[in-house]
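Grab a pencil and work through these exercises with the structure open beside you. Each task comes with a solution you can follow step by step.

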Amino acid sequence: MISNNSILVVCGLNVNSDEHTMQIISKASELSHQTKKQVLLAVAGNYDELRFRAFTDCGADCIIFWEYTKSIGIMKYSSFISAVIREYSPEIVLFPATESIKSVAAIISSCFEAGLTADCIDIICDEDNKFHFYRAAVSNSVIAKIVGINSSLSMGTVKEGEFKKKTYSKNDENDNFQIMFYHMNTDEIDKDYLDDIVDIKYREKVEEKTNINNYSIVFCIGRGAEESQTIEKIYRLAEAYNACVVGTKAVIDDNILDKAFQVGQSGKSISPSIYIGLGVSGANQHIVGMKNSQLIIAVNHDADAPIMKYADYAIIDDVNVFLDKMLDMLVSYQSE
Ligand SMILES: Cc1cc2nc3c(=O)[nH]c(=O)nc-3n(C[C@H](O)[C@H](O)[C@H](O)COP(=O)(O)OP(=O)(O)OC[C@H]3O[C@@H](n4cnc5c(N)ncnc54)[C@H](O)[C@@H]3O)c2cc1C
């Protein structure tokens, strides 16, 4: 019977890394004596009883085994580990820091949005049963203690030789030698569904960033603010205010911004809390895309520019003068 909140160790992808895997199982076993959590080992490949006994001798309580006789790539192995985590809900997952398994660990951590401590040198469990990972940091000058807070799952990779392999003389045939044969749905594997997950997450991130409607403050670049030094100032301000930078069609046509950021009739409509038009004339085709903004600030050195009619605040000035003042204010605000 496998309980939740166990310690899951991920086996290396080939037998050459078995010693390394056994060192990690030994550490997991030490933690399990303290915490009474089970140590699970996830292995894929060919069935090999002797090999599996060596793993249990080091302290694995149960081996979750997926028989897969072909060669296993990183994505397939990640699919398996991901399925095991979903099914058995471990509390921590430990990976040998081999080149291929480091990639598996990175994929799994991204899928589960779980913290991953690379190259841990120690793992301890405190009196509240919370796991702490330790690793060298700042060019090895300090030891950092890392505690996962965003997810119930914490993960770490461990370099070879970091922990000592120990055996617990369980060679007797009647010993607890528990193997769960895991049956992966091969359709799922063949589809390499993790590829899809990673791809979808990546696309979601990109879409989130390019969706100009996700922002409450928008800086709009017009042809009057197209100079590179002006644009650089706009991006500095936008970053400070977590704002989006969009543009008029003229700016998009001049290849300053991608079409995804065009506001107006042939672009997108936006309704942010604050729209700041910088060197924007206010042609009808632009106004239709931003007129629903809650507060419109227009900066233009031409008091008769059409956009001024729509502006809650019409600032008649050179865009660079305005931007410099804004940046100065930002610096003094930040230094307070
Ligand atoms: C079918 C069609 C669809 C269109 N779709 C869109 C659309 O979706 N979105 C869109 O935006 N446009 C669209 N347009 C284009 C639109 O008609 C305008 O040409 C465009 O909006 C003008 O962009 P702009 O305001 O950046 O440039 P301009 O009209 O050239 O205005 C620049 C402004 O900057 C000011 N300025 C210059 N230098 C400074 C400075 N140093 N400091 C302060 N102010 C300065 C000037 O006084 C001027 O008002 C469309 C046009 C057509 C025909």
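**Exercise 1. Find which residue of β8 is the bridge partner of arginine 135, then place the two strands in their sheet.**

Solution. Start at arginine 135 and look across to β8: the bridge partner there is alanine 144. Keep in mind that this is a predicted model. Next, widen the view to the strands themselves: β7 covers residues 131-137 and pairs with β8 through five bridges, in the antiparallel sense. Now add the third strand, and you get an open sheet with the order β6-β7-β8 and antiparallel pairing. The edges are β6 (122-125) and β8 (142-146), each of which pairs on one side only. Finally, check the twist: neighbouring strands in this sheet are turned against each other by 25° on average, ignoring direction.

**Exercise 2. Work out which strands pair with β13, and in which sense.**

Solution. First locate β13, residues 274-278, and note how covered it is: four of its five residues are buried. Then go to β11 (residues 217-221), which runs parallel to β13 and is joined to it by five bridges. Here isoleucine 221 sits opposite leucine 278. Now try β14, residues 295-300: this strand also pairs with β13 in the parallel sense, over five bridges. On this side, isoleucine 274 stands opposite leucine 295. As a reminder, strands of a sheet pair through backbone hydrogen bonds, whether parallel or antiparallel.

**Exercise 3. Identify the residues that touch the most other members of the largest nonpolar core.**

Solution. This core has 50 residues, and the ones touching the most other members are Val9, Val10, Ile25, Leu41, Ala42 and Leu94. Which helix gives the most to it? That's α3 (residues 74-88), with seven residues. Now zoom in on valine 9: leaving out residues up to four places away in sequence, its contacts include Ile25, Leu41 and Leu94, along with Thr21 and Ala60. There's also a second, separate core of 31 residues, with Ile221, Cys244, Ile252 and Ile296 among them.

**Exercise 4. Describe the shell around the ligand: how many residues, and of what classes?**

Solution. Count first: 26 residues surround the ligand, and the closest are Gly222, Gly224, Lys249, Gly264 and Ser281. Two elements, α8 (249-253) and α9 (284-290), give two or more residues to this shell. Then sort by class: seven are nonpolar, 15 polar and four charged.

**Exercise 5. Sum up the whole chain: how many helices and strands does it have?**

Solution. The tally is 10 helices and 15 strands. For burial, take the 336 residues of the chain: 38% are buried.

Note on methods
Residues numbered from 1 in each chain as written. Predicted model: local features only at pLDDT ≥ 70, side-chain atom pairs only at ≥ 80, totals over all residues. Near = placed C-beta within 6 Å. Nonpolar A, V, L, I, M, F, W, Y, C, P; charged D, E, K, R; others polar. Pairing = 2+ DSSP bridges. Axes fitted to C-alpha atoms, helices over the stretch in contact; angles between N-to-C directions. Core = buried A, V, L, I, M, F, W, Y, C linked by C-beta atoms within 7 Å. Buried ≥ 20, exposed ≤ 12 C-beta atoms within 10 Å, placed from the backbone. Contact = placed C-beta atoms within 7 Å.
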